[in-house]
Amino acid sequence: MPLAQTLRMEGRLANEGHWPVWLGWIIVNRFQIVYYILFLPHVLIYPYMIWIIPIAALLSHLNLKVLSIWLQTPQARLGGAGFTQLLGGFAVRLLAFLGIGVILMQSAILTLSYLDIVHQTLFPSMSKATPLILLGLASLYLARLGMTSVGNFAILAFIMSFWMILIYVQFLLPQKAVYEHLFPIFPQNVPHHILSNLLTVWAAFSGPEYLAFAGKRFAATAGLFRWLALGNAVTALEYIFFFVITLLFYGAEYLQKIDLPVVQIVRYIELPFFERLEMIMVSNYMILIIFMNALFIHYLYDAVCTAARFAHKPKSALGLTVAAILLVSFMYFFSKYFWVLESEQNRWTTLHLWVSGATYAVIPSFLALAACLRNKRRADK
Amino acid sequence: MHWLTKLLASIQREKKQQIARKQPEAPPLSLEYIQQAFQNIHDAKTIEINNEFLGNIALFYIRSLVDVRQLQEFVIFPLQHSSHTSLRETVSAVEVNELNTVEEAEQAVLKGSVILHAENRLWSIILPNSVSRAIETSEQESIIYGPKDSFSEQIDQNLTLIRRRLPIRALKSEELTVGSLSKTTVILLYIDGLTNPELIGIAREKTSVIEYDTFLDTSHLAHFLEDHICSVFPQFQQTDRPDAVVAALTSGKVVWLVDNTPFALIGPITFFDLFQSPEDYIHRWVVASFLRGLRFFAFLFAMVLTPIYVALTMHHYQMMPIELLYVLLESRSQIPFNPFWEALFMLLTLEILKEASLRMPSKSGQTLGVVGGIVIGQAAVAAKIASNILIIHVAVMAIASFLIPNYLMTNSSKLIQFGLLILAAWLGMWGITLGLILVLIHLHGLTSLKQPFISPLVPFYATDWKDTIVRLPSRWMIQRPAYLKPLKRYKFSKRK
């Protein structure tokens, strides 16, 4: 089928309450870069570390293949009933219970990390509670439009955030770019901490595992893998781009000394009317946080309902509001009691890396394996 | 079980009979009854004519609703002098319909018919007094090149202007009546075999279920057709240009014509439709695309310019280059208010001036412009109430807002601007961004006639982008808007 025709058909289906299959690449891409794009170049310092990105991207690519296999199974297309069919009611409730913890933790860490950047860049004296509540309200406003609309909002989130890459293109050009900083591109000795760096970059590719629970949202799953892979490839290119520009501009020595190099580099841009463009850039990243939190509100609602055996009831606006209040309250108390000292923040960020990496690796393969075994057993019978 | 079914059926029958008994019987159709029904109406007239062949004839009508000259020429004169034995032959120059019920007769009188009692029966002769202005140039959507005619308050005349441009039998017009008191005639137009039947069904249903007493305008009707009544964005397009209506019909939309209103209502629309002008299709496509892009930019500019000034001066001084900062500080050095109050004062003053100039006679309006623009602006700066830079901001913003072709949209942007101003004063650039994202989410959730409001962006329709922000050559725009799901996709007649 020609691409234009596919897009047209998919567009119609999107209008009727499904995500078009091509939306997969935008969701994957925005979920992956939501936070890591701002601080990843700080983790990757030396030029030869550039190879970690394609390696992690390749592994992520394979993982997405597994994810697409799972999404094509009948169980994935059934939604909650499919999970019960596959794993049994008790196991699903237990996993939903665990999922609540993971969602709350991931959402809190990503949002609070973003608010830290806002705090550092825009409002050093302002309390975090105000923007936290406003972000929660905006996310709830989006979430109340329904899961389909939230997924479709990825297009707007992409358009509103992807253009920012153009601001950085000038750092690839001479005067600002020092090309010697790119060398040595291959390590001269055995590099240290390569595995921890790989884990960090692998975690930076995480996020698409949440699609494993949205199988019934896609209008069709045929050809889904190529769209997911496209999103993954775009993410890899973005990571490489940002790593290269920060490396060319700062050099490895200075890069390891500064926080948030992708944010700080924008300070060096001067326009006739504006300077300090990072203030606009950091503000603009809010759209990704709102998009992500709106999806998390839906997932949290589903997880709570599944754990409490209310999954059969239709979604209500009140339920979503309660889920949003739960999410924001958790974030608030988390920031008040567990996100105060820098040592605490580092500990939680490390935990977040491990959890993200683990969930991304385990969820698609576990579900795909379980579905394949079950379907094979049924076929044998 | 059979006896139970019979019992239930008999109970139902009895209920129906009871309901029928409760309903008052329709009064017998007679001229006396009609005269009685219209008593205390000073211009309700009865004329009696004695014709040699037809016997005694009575005419009843309301003088202000009937074309008296035509009545005299085509009805009274023939009745007085004709030697025909049949009524239809006597008044053959006009349409004569026999009346069967009292309701029919009452409606006929109120719509400008003459009730005629002859041959022991009642007849109606349609002779409405057509009070209408001539076809004039559109004031709301004036263009330099292209057709100049526009709609008037006469619905039939408006329909004629459309039918002249679309002489096809597939152009269907369904007449509906809305308003229990106003009895306003609404005509629903669409092209059969092209417009999506689902859209026609939604439009028909939404119009027919309206329960309200008075409809005087298309905007009033639009309020009852909208999917989202709390939104600041218009969800239907209003136009007084027949060419714009025809363009909408041929793209697969539905149109409402409302009697006594010179505006047609077009739906469904998208956010991007509100930035389109009929002139876009007259210019060269590159020029048209540039102008269209300029309108979008002006819309955004008008919304955020003053809030950005407030955000920069209240929260982010460091964002300004040092030379510009010196100019700004000097300009603001003697202003006793903070930038928020300064901007709010100037914006409200501007809105008051704009609103006053709309309500005043045109000559006084010009004076008001001079007074507002020069005297108040200069005086505000001299009195140290507002800075020079803010005056420039407000003036540029005001001019930019006029680039939006849709007046309702211009007013919507004003309201958003005030919201952004508050957010800018509170949270600076972050607040403005938050406000814009909220607007975006709101737009994302909107629908017009159940169709997504920000299509072709979400849901994404690649082909529709040829005529959205840019306007590509007409030859390349071979398909109708996909979000409308038209039955005929292609504009070229050889393709389906």
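**Figure 1. Salt bridge of B:Arg165 in the predicted model.** In this predicted model, B:Arg165 has a relative accessibility of 29% and therefore counts as partly exposed, since the buried class ends at 20% and the exposed class starts over 50%. Its salt-bridge partner is B:Asp149, with 2.8 Å between the closest N and O atoms. B:Arg165 belongs to helix 6 (155-165) of chain B, whereas B:Asp149 sits in the loop between strand 5 (121-126) and that helix, so the pair ties together parts that are 16 residues apart in sequence. Over all chains, the rule counts 20 salt bridges.

**Figure 2. Salt bridge between helix 7 and strand 6 of chain B.** B:Arg204 and B:Glu174 form a salt bridge in which the closest N and O atoms are 2.7 Å apart. The pair links distant parts of the chain, with B:Arg204 in helix 7 of chain B, B:Glu174 in strand 6 of chain B, and their positions 30 residues apart in sequence. With a relative accessible area of 34%, B:Arg204 is partly exposed.

**Figure 3. Salt bridge between helices 11 and 12 of chain B.** The side chains of B:Arg332 and B:Glu342 form a salt bridge, with an N to O distance of 2.4 Å. B:Arg332 lies in helix 11 (residues 322-332) of chain B and B:Glu342 in helix 12 (residues 339-359) of chain B; the two residues are ten residues apart and link distant parts of the chain. B:Glu342 counts as buried, at 0% relative accessibility. B:Arg332 also counts as buried, at 12% relative accessibility. Elsewhere, salt bridges that share partners join B:Asp280, B:Arg292, B:Arg295 and B:Asp467 into one network.

**Figure 4. Helix 7 of chain B and its buried face.** Helix 7 of chain B runs through residues 197-208, twelve residues in all, and spans 16 Å from first to last C-alpha, close to the 16 Å expected at 1.5 Å a residue. Its buried residues are B:Leu199, B:Ile200, B:Ile202, B:Ala203, B:Lys206 and B:Thr207. Viewed down the axis of helix 7 of chain B, these residues fall within an arc of 165°, so they line one face of the helix. An α-helix has 3.6 residues a turn, so residues three or four places apart point the same way. The buried residues of helix 7 pack against several elements of chain B: strand 6 (171-178), strand 7 (184-191), helix 8 (218-225), strand 9 (254-258) and strand 12 (451-452). At the start of the helix, the backbone nitrogen of B:Glu198 has a side-chain oxygen of B:Asn196 within 3.0 Å.

**Figure 5. Interface of chain B with chain A.** On the chain B side 37 residues are in contact with chain A, where 41 residues take part. The two chains bury about 3600 Å² between them, and 76% of this area is on carbon and sulfur atoms. In chain B, the residues that lose the most area to chain A are B:Met319, B:Trp430 and B:Ile441, which together make up 21% of what that side buries. The rule finds zero salt bridges across this interface. Polar contacts between the chains number four residue pairs, both residues being at pLDDT 80 or more. Helix 10 (285-314), helix 15 (407-445) and strand 12 of chain B are the elements that give two or more residues to the side touching chain A. Helix 15 of chain B supplies the largest share of that side, 14 residues.

Notes: Residues numbered from 1 in each chain as written. Chains lettered and ligands numbered in written order. Predicted model: local features only at pLDDT ≥ 70, side-chain atom pairs only at ≥ 80, totals over all residues. Heavy atoms only, no water. Helix = DSSP H or I, 4+ residues; strand = E, 2+ residues; numbered from the N terminus. Expected span 1.5 Å × (residues − 1). Buried < 20%, exposed > 50% of the residue type's maximum accessible area, 1.4 Å probe, protein only. Arc of directions from axis to C-beta. Contact = heavy atoms within 4.5 Å. Polar contact = N/O pair within 3.5 Å; in protein donor to acceptor, adjacent residues only side chain to side chain. Buried area = accessible area lost by both parts, 1.4 Å probe. Salt bridge = Lys/Arg side-chain N within 4 Å of Asp/Glu carboxyl O.
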